[in-house]
Amino acid sequence: MTVSAYIFFTVELGKTTSVVNELRKIPEITRVAVVTGEYDIIARIKTKNLEEKYRISTERIHMIDGIIDTQTAVIEKEETSG
Amino acid sequence: MPETRSVSKLRRKSTFYLLGISSGILLSIFVVLDDIINIKYLNDPYILGAFQAVIGLIVTVILILIMHIPVKKKSEEGSSQNLGYFFDKNFKRFRFPKGKIGLYTLFAGLFSAGTTIFYFILLNRNGASVMMPFGQFVLIYLIIAEVITDKETPVMVEIQSIAMIAFGVIIASLTGGDSANRTSGILIDILLIIGPFALFSAFYIFFQKKALTTKDSKGRVFDSINLRLWTLLIMTIAQCLAVIPSLLNGGWTSIVQNWSGALPLTLISVFITFISIIFYSRALTMGKMSIVRALRSISVVFTFPIVLIAGLWLPELLGSGFSDPLSITLKVSGSCLILIGVIALALSETKCILLAKVKQGVEIVPSELIKMKGVENFSHITGIYDLLVNIKIRNIGKTLSLLEKSIDKIEWIEKVTTHPIIKEFD
């Protein structure tokens with residue numbers, strides 16, 4: 001069963017664009033939004049299972065230069081309008 | 001590996017803009033083609049409308065059959081993919097719209113027929129270069145409709161846009177040295193535009209959007225390709241009924257004499273129309289009606305060079321609108337006003353991500369949140385926050401009122417933090 005999650009990023013000053021560009025190279029990441037507020041970037045990821053999610057986080061995302069902190073929020077359920 | 005779709009090379013907003021603008025450029029091409037057919041072959045607007053609708057329906061059916069051709073790659077859901085998927089990922093095969101979607105499609109078709117009949121009447125009276133600015137008037141109704149449905153007063157940028165578009169339409173419709181007869185003609189044109197043409201057009205867009213965003217009993221949404229087919233079918237029936245009086249008054253002879261000459265240009269026109277409407281419908285599913293319509297208004301600017309180029313071959317296309325420097329100045333000034341108005345409007349839309357904590361021991365009622373204006377969807381998440389809400393609003397100022405009037409009043413929400421989106425890739 002696939003796992004979808006949001007990852008909230010805190011990024012070093014001046015590194016936002018390069019972090020966004022690196023995140024966009026990861027095929028499992030389906031959305032990247034640069035935001036203002038508590039976090040700098042919010043990304044959405046879709047993987048086969050939690051183990052794969054862990055592998056992508058540790059081997060790809062955490063290796064990106066400029067990321068200070070990440071927090072992952074797994075999606076339990078989604079509600080859509082319309 | 002699961003079926004994943006990585007982030008597009010284009011920003012979501014760019015895709016949305018590209019679809020809307022491409023649709024507008026194609027629109028300006030087919031309006032000029034319609035004008036050529038009208039001047040050269042079929043002069044009666046009712047006959048031209050019915051002729052194009054019938055040919056359009058045949059071409060659309062053929063194109064949709066071609067879109068059934070399977071291709072190797074598989075879609076996100078794992079089902080086999082066809083050519084139509086590349087135009088609209090919701091397209092699978094011919095589909096009959098049922099229930100509410102069917103009703104919305106029926107209304108979209110009827111209003112489309114009404115707006116098309118008035119389009120050909122206005123095109124016949126004025127030509128493509130004037131028709132294009134006229135078509136933008138519908139934006140005013142769309143903004144008003146959104147203001148009413150959102151129960152919010154319009155902000156300054158929206159009022160400015162409405163004023164600029166309204167005055168732009170009036171200025172662009174004027175020509176230098178207008179006589180008394182022409183002045184009365186302008187008044188009739190303006191009445192036709194702000195009355196039936198723009199109103200029918202606004203309702204057509206409204207029901208198109210409803211048909212495309214309403215889910216059926218299985219949770220599926222309707223696709224733009226099937227919607228185009230069924231609205232065109234209804235439109236063709238209505239156009240054929242409207243043409244009966246003209247046919248009885250010698251119209252049939254005109255068709256018999258001119259159909260072979262009109263056919264090649266009509267085929268090109270309906271093909272371009274089909275692609276333009278698919279792009280336009282897809283953009284509709286991605287953003288607000290008024291913004292999509294605003295992007296499409298790029299056609300106002302593109303029509304001028306296309307008319308000028310086509311005018312070298314068919315000078316009648318240029319009409320009185322290009323006869324003197326004053327007329328050209330009026331048209332360019334009016335079009336610039338319209339364009340500035342719609343660009344200002346398009347740039348004011350904004351998206352936000354809200355993160356919310358819910359109160360312990362209080363029942364969560366999702367419908368309270370999902371029915372709020374601007375809320376596109378929300379996810380129940382693990383971690384510090386309990387909910388992630390995606391919202392899309394007319395402008396950033398509305399975020400505050402959305403929070404104050406709606407979300408803050410939900411009992412089971414304890415705390416909300418707002419994250420306006422600066423840039424997005426989807």
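Is A:Ala43 buried or exposed? With 26 C-beta neighbours inside 10 Å, A:Ala43 counts as buried. The legends below start from this residue and work outwards through a predicted model.

**Figure 1. A:Ala43 and its surroundings in strand S3 of chain A.** This close-up centres on A:Ala43, a residue of strand S3 of chain A. Setting aside neighbours within four places in sequence, its contacts are A:Ile7, A:Phe9, A:Leu23, A:Ile29, A:Arg31 and A:Val32. A:Val20 is 23 residues away from A:Ala43 in sequence, and their C-alpha atoms are 9.2 Å apart. The strand around A:Ala43 follows the pattern: 6 of the 7 residues of S3(A) are buried, so S3(A) is largely enclosed by the rest of the structure.

**Figure 2. Strand S3(A) with its two partners, S1(A) and S2(A).** On one side, S1(A) and S3(A) are joined in the antiparallel sense by 7 bridges. To find your place here, look for A:Tyr6, which stands opposite A:Arg44 in S3(A). S2(A) also runs antiparallel to S3(A), with 5 bridges between them. A:Ala33 marks this pairing, standing opposite A:Ile42 of S3(A). S2(A) and S3(A) form a hairpin, with 5 residues between the two strands. In the turn, A:Gly37 has a positive phi of about 120 degrees.

**Figure 3. Chain A as a whole, with 2 helices and 4 strands.** Follow the chain from its N terminus and you meet the elements in the order β-α-β-β-α-β. Of the 82 residues in chain A, 33% are buried. Contacts often reach far along the chain: among those between residues at least 6 apart in sequence, 63% join residues at least 24 apart. One pairing to look for is that of strand S1 (residues 3-11) with strand S4 (residues 67-80) of chain A, antiparallel and held by 7 bridges. In this pairing A:Ile7 stands opposite A:Thr72 of S4(A).

**Figure 4. A barrel of 8 strands drawn from chains A and B.** Which strands close the barrel, and in what order? The order is S1(A)-S3(A)-S2(A)-S6(B)-S3(B)-S5(B)-S4(B)-S4(A), and the pairing is antiparallel. Neighbouring strands of this sheet are turned against each other by 35 degrees on average, direction ignored. Within chain B, strand S3 (residues 350-358) and strand S5 (residues 387-393) pair in the antiparallel sense over 7 bridges. There, B:Leu355 stands opposite B:Leu388 in S5(B).

**Figure 5. Helices H1(A) and H2(A) packed on the sheet.** Helix H1 (residues 16-24) of chain A lies across S1, S2, S3 and S4 of chain A together with S6 of chain B. Its direction is at about 170 degrees to S2(A). Helix H2 (residues 50-59) of chain A packs on the sheet as well, touching S1, S3 and S4 of chain A. The direction of H2(A) makes about 135 degrees with that of S3(A).

**Figure 6. Where chain B touches chain A.** Chain B gives 34 residues to the contact and chain A gives 32. On the chain B side, the elements giving two or more residues are helix H13 (366-370), strand S4 (375-381) and strand S6 (413-425). The largest share of that side, 9 residues, comes from S6(B). By class, the side of chain B that touches chain A has 16 nonpolar, 12 polar and 6 charged residues. Strand pairing also crosses between the chains: S2(A) and S6(B) pair in the antiparallel sense over 4 bridges, with B:Phe425 as the bridge partner of A:Val32. S4(A) and S4(B) run antiparallel and are joined by 5 bridges, and here A:Ile75 has B:Ile381 as its bridge partner.

**Figure 7. Two packed helices of chain B, H2(B) and H8(B).** The axes of helix H2 (residues 45-66) and helix H8 (residues 224-242) of chain B come within 9 Å and cross at roughly 150 degrees. H2(B) and H8(B) are therefore roughly antiparallel to each other, and their crossing is left-handed. Residues in the contact include B:Gly49, B:Ala53 and B:Leu57 of H2(B), along with B:Leu229, B:Leu232 and B:Thr236 of H8(B). By class, this contact has 13 nonpolar, 5 polar and 1 charged residues.

How values were computed. Residues are numbered from 1 along each chain as its sequence is written. Chains are lettered from A and ligands numbered from 1 in the order in which they are written. This is a predicted model: local features need pLDDT of at least 70, side-chain atom pairs count only at pLDDT 80 or more; totals for chains, interfaces and linings use all residues. Axes are lines fitted to C-alpha atoms, for helices over the stretch in contact, and angles run from 0 to 180 degrees between N-to-C directions. Angles under 35 degrees count as roughly parallel, over 145 as roughly antiparallel, 65 to 115 as roughly perpendicular and the rest as oblique. A crossing is left-handed if the near helix is turned anticlockwise from the far one by less than a right angle, and right-handed if clockwise. Two residues are in contact if their C-beta atoms, placed from the backbone, lie within 7 Å. Ala, Val, Leu, Ile, Met, Phe, Trp, Tyr, Cys and Pro count as nonpolar, Asp, Glu, Lys and Arg as charged, and the others, Gly among them, as polar. Two strands pair if DSSP finds at least two bridges between them. A residue is buried if 20 or more other C-beta atoms lie within 10 Å of its own, exposed if 12 or fewer, and partly exposed in between; C-beta atoms are placed from the backbone.
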